[in-house]
Amino acid sequence: QVQLVESGGGLVQAGGSLRLSCAASGSIFSIDNMGWYRQAPGKRRDLVATITRGGSANYADSVKGRFTISRENAKNTVYLQMDSLKPEDTAVYFCTADVLTTGRSRIGPWGQGTQVTVSS
């Protein structure tokens, strides 16, 4: 059993910053890619950013230059630093991870999501 728990969401004015965290725990042998997705009301869940175990990052065009993804492998934690926030960044943000369990199963759990609201 593996759990992902996000934190750090909230309400911020346009132009402001927030830092999201996502910690994985449970029967983890190793974690490969980790990522953040977001879902606005009435819309599909879209990729925001992903990061490999080695630290190579990939971003959606809409957040390039404003968001930074990072991770601490020893803590099984991924972060999303969000700067220059815009009202259109308002969404529920979810983290996910490519996990190899101690039982040698590969799973892709999701967190419960954290709300980010950007006011204009």
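User: Is A91 buried or exposed in this predicted model?
Analyst: A91 has a relative accessibility of 2%. The cut-offs are under 20% relative accessible area for buried, over 50% for exposed and partly exposed in between, with a 1.4 Å probe and protein chains only. Because 2% falls under that lower limit, A91 counts as buried.

User: What are the ground rules for the model and its numbering?
Analyst: Residues are numbered from 1 along each chain as its sequence is written, and side-chain values use heavy atoms, leaving out hydrogens and water. The model is predicted, local features need pLDDT of at least 70, and totals for chains, interfaces and linings use all residues, while side-chain atom pairs count only at pLDDT 80 or more.

User: In which strand does A91 lie?
Analyst: Strands here are DSSP runs of E, at least two residues long, and helices are runs of H or I, at least four, numbered from the N terminus. The run that holds A91 covers residues 91–101. A91 therefore lies, by that numbering, in strand β9.

User: Which residues does A91 touch, not counting residues up to four places away in sequence?
Analyst: Contact means heavy atoms within 4.5 Å. One group of partners of A91 is T114, Q115 and V116. The other partners are R38, Q39 and A40.

User: What separates the C-alpha atoms of A91 and L47?
Analyst: A91 and L47 are 44 residues apart along the chain. In space, their C-alpha atoms are separated by 12 Å.

User: How many helices and strands does the protein chain have?
Analyst: Read along the sequence, the pattern is β after β. There are zero helices. The strand count is 11.

User: Which residues have the most contacts inside the largest nonpolar core?
Analyst: Such a core is a set of buried Ala, Val, Leu, Ile, Met, Phe, Trp, Tyr and Cys residues joined through side-chain atoms within 4.5 Å. The largest one has 30 residues. Those with the most contacts inside it are W36, L80, M82 and Y93.

User: Which strand supplies the largest share of this core?
Analyst: Several strands supply at least two residues each, including β1 (2–7), β3 (18–26), β5 (45–51) and β8 (77–82). The largest share is five residues. It comes from β9.

User: Which residues does M82 touch, not counting residues up to four places away in sequence?
Analyst: M82 is one of the residues with the most contacts inside the largest core. Its partners include R66, F67, Y93 and V116. The others are G16, S17, L18 and L20.

User: Which residues form the aromatic pair?
Analyst: Rings of Phe, Tyr and Trp (its six-membered ring) pair if their centres lie within 6.5 Å; planes under 30 degrees apart are stacked, over 60 edge-to-face and the rest tilted. The count comes to one. That pair is edge-to-face, 5.1 Å centre to centre with 65 degrees between the planes, and its members are Y37 and W110.

User: How many residues apart in sequence are the parts that this pair ties together?
Analyst: Y37, partly exposed at 22% relative accessibility, lies in strand β4 (residues 28–39). W110, partly exposed at 39%, lies in the loop between β10 (106–107) and β11 (114–119). So the pair ties together parts whose separation in residues is 73.

User: Where does S84 lie, and what is its phi?
Analyst: S84 is partly exposed, at 40% relative accessibility. It lies in the loop between β8 and β9. Although S84 is not a glycine, its phi is positive, at about 50 degrees.

User: What phi does R104 have?
Analyst: R104 is found in the loop between β9 and β10. R104 is not a glycine, yet its phi is positive, at about 70 degrees.
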